[in-house]
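Thanks for asking me to look this one over with you. Have the viewer open while you read, and click along as we go.

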Amino acid sequence: MAHRHVTVSAGEKITKGTDGKLNVPDNPIIPYIEGDGTGIDIWKASVRVFDAAVGKVYGGKRRISWMEVYAGEKAFGMFRDSLGERAWLPNETVDAFLEYLVGIKGPLTTPVSGPIRSLNVALRQLLDLYVCLRPVRYFQGVPSPVKRPEDVDVAIFRENCEDLYAGIEWMTGTSDCDRFRRFLLNDMGVDKVRFPESSSFAVKPISREGSQRLIKAAIEYALRNRRKSVTIVHKGNIMKFTDGAFREWGYEVATSLFRQQVVTEREALILDSLDRKPSLSIEEIARLLEPGYDLMSPRQQEAAHNEICSALSLQATHGAGKWKKFLVVRDSVADITFQQVLSRPKEFDVIAAMNLEGDLLSELLAAQVGGIGIAPGANINYETGHAIFEATHGTAPKYANLNKVNPGSVILSGVMMLEYMGWQESADLITRAIDRTIGQKLVTYDFERVMQGATLLTCSGFADALINNMN
């Protein structure tokens, strides 16, 4: 492909093989977006860490060929005369991520006006990066607002392209909003809008395909990384046809595609009760499973019987305690989940959630282990192989060019990128260096101000300390 504004680096493309695996050359071309605001400082520090780790591990046999592409304020400043509003996210940038498969980016400004609502959301939707993967873990010594932050070790799979973030909404007072309101009230007979004349509206699409590919990716990740459970987070007790369907479609993909590797939490309860007391009848098991069984309608009791019989049909493969070695798939209502990730974080291993709940949970869990300053993120399409790794925080423009902020979010996102590429040794080296450096209390201002006896480092100074600790 021809590039007008991008200089293609000397290197080779990452491709995806017919076996579904990435083919990563020894000198892959990786497109990167420097980022706005503090992105300039952060990127300069981070890229030195990546190059140092790759160089130390592979001794020059492997290296990354970095290729800068443009988005956000830098792109708008360079190309606004020729591209207008499209300069915020030039087609050439999107095409580069499409062509080279794997990329990384710093934080981006969202333009206040114009057709692009969010550059981050636009990239995710244009490349169909349906998984937002946010692993959250604790580094010893990082200040935390909770008593036991070391109990947090969770990978969040957030659906990236649907839900309220799809951007289907209308502002009150506009002609489109009036048309939508009339459609709801007159054509659909909706009578639940409290103040229809002054309401804005949003539509929340949740599809079977979108839900199942997200939950499938979460289960595959859990199996690949020997995790113990996948929790489907939803608000299906209220939004039964969107959140409730997300839950049901999740169980459907779990039990149809991964039957010999997973057990649902309720199946485990049924099988365990029979393991403990083989003489139990179906009704006795139902009373253990559903404390209100005797108050149920005959139809509800029949559904409970069918569920138990279905679980008992697994005895040959899952019974006699065999299920204890399987991945447990369960679900949890969102508001209860928010309470329990604070009070019992060890119970959560991998979380699969829709866009809104996944976004909020990511921030909540990140706060427990030190904040989004060291929270990595990835946007991935496991089917095509496309992935963009990114800082999860904003641009913080008041700190721009001060060489002050913590580069940890981009550095740890780069660790995820190296893992995705199969360069695990270099990823592990960076992770150990971060552990060691924070353990020595060599930190940037965000941690130094709340850590006793810490040494204050600049953004670039933190990168220097990481590289030193790679030895």
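Here are my notes, going from the whole chain to the sheet and then to the empty spaces.

1. **What kind of model this is.** Before anything else, keep in mind that you are looking at a predicted model. Everything below is computed from that prediction.

2. **The whole chain.** How many helices and strands does the chain have? There are 17 helices and 17 strands. The radius of gyration is 25 Å, close to the 23 Å that the globule rule gives for 471 residues, so the chain is as compact as a globular protein of that length. If you like to think in boxes, the C-alpha atoms fill one of roughly 70 × 60 × 50 Å, taken along the principal axes.

3. **The open sheet.** Next, find the sheet built from 11 strands, which is open and has mixed pairing. Walk across it and you meet the strands in the order 4-3-5-15-14-6-7-13-10-12-11. Why is one side of strand 4 and of strand 11 left without a neighbour in the sheet? Strand 4 (65–68) and strand 11 (262–264) stand at the edges with a single partner strand each, so there is nothing in the sheet on their other side. From one strand to the next, the twist averages 25°.

4. **A look at one edge.** Zoom in on strand 11 and its partner, strand 12 (residues 327–333): the two run parallel and are joined by three bridges. A handy pair to click on is Val263 and Val328, since Val263 stands opposite Val328 of strand 12.

5. **Two helices across the sheet.** Helix 1 (residues 39–58) lies across strand 3 (29–33), strand 4 and strand 5 (102–105). Its direction makes an angle of about 160° with strand 4. Now turn to helix 7 (residues 243–257), which lies across strand 10 (229–234), strand 11, strand 12 and strand 13 (350–353). Helix 7 runs at about 160° to strand 10.

6. **The largest pocket.** Now for the empty spaces. Rolling a probe the size of a water molecule over the atoms is a way to show where empty space is left. The largest pocket has a volume of about 1,000 Å³. It is lined by 38 residues, and Leu133, Tyr221, Asn225, Met416 and Glu419 are the ones nearest its centre. Strand 6 (131–137), strand 7 (153–159), helix 6 (208–224), strand 14 (376–380), helix 14 and helix 15 each give two or more residues to this lining. Which element gives the most? That is helix 14, with six residues. Sorted by class, the lining has 22 nonpolar, seven polar and nine charged residues.

7. **The second largest pocket.** This one holds about 570 Å³ of space. Of its 18 lining residues, Arg247, Tyr251, Arg266, Glu307 and Asp331 are the closest to the centre. Helix 7 and strand 12 turn up again here, as both give two or more residues to the lining, along with helix 8 (265–276) and helix 10 (298–312). Helix 8 gives the most, with five residues. By class, this lining has five nonpolar, three polar and 10 charged residues.

8. **The closed cavities.** The count comes to three cavities of 30 Å³ or more. The largest has a volume of about 50 Å³. Residues lining it include Ile374, Asn406, Leu412, Phe447 and Phe462, and helix 14 (408–421) and helix 15 (424–439) each supply at least two residues. This lining has six nonpolar, three polar and no charged residues. About 40 Å³ of space lies in the second largest cavity. Among the residues that line it are Ile33, Glu34, Asp36, Glu68 and Lys74. By class, the lining of the second largest cavity has four nonpolar, one polar and four charged residues.

Methods. Residues are numbered from 1 along each chain as its sequence is written. This is a predicted model: local features need pLDDT of at least 70, side-chain atom pairs count only at pLDDT 80 or more; totals for chains, interfaces and linings use all residues. Side-chain values use heavy atoms; hydrogens and water are left out. Two strands pair if DSSP finds at least two bridges between them. Helices (H or I, at least four residues) and strands (E, at least two) are DSSP runs, numbered from the N terminus. Axes are lines fitted to C-alpha atoms, for helices over the stretch in contact, and angles run from 0 to 180 degrees between N-to-C directions. Contact means heavy atoms within 4.5 Å. On a 1 Å grid over the protein atoms alone, a cavity is a set of points where a 1.4 Å probe fits but cannot get out, and a pocket is an open set with protein on both sides within 12 Å along at least five of seven lines; lining residues have an atom within 4 Å of a point. Grid points are joined across faces, edges and corners, and a volume is the space filled by probe spheres set on the points. Ala, Val, Leu, Ile, Met, Phe, Trp, Tyr, Cys and Pro count as nonpolar, Asp, Glu, Lys and Arg as charged, and the others, Gly among them, as polar. The radius of gyration is taken over C-alpha atoms; the globule rule is 2.2 Å times the number of residues to the power 0.38.
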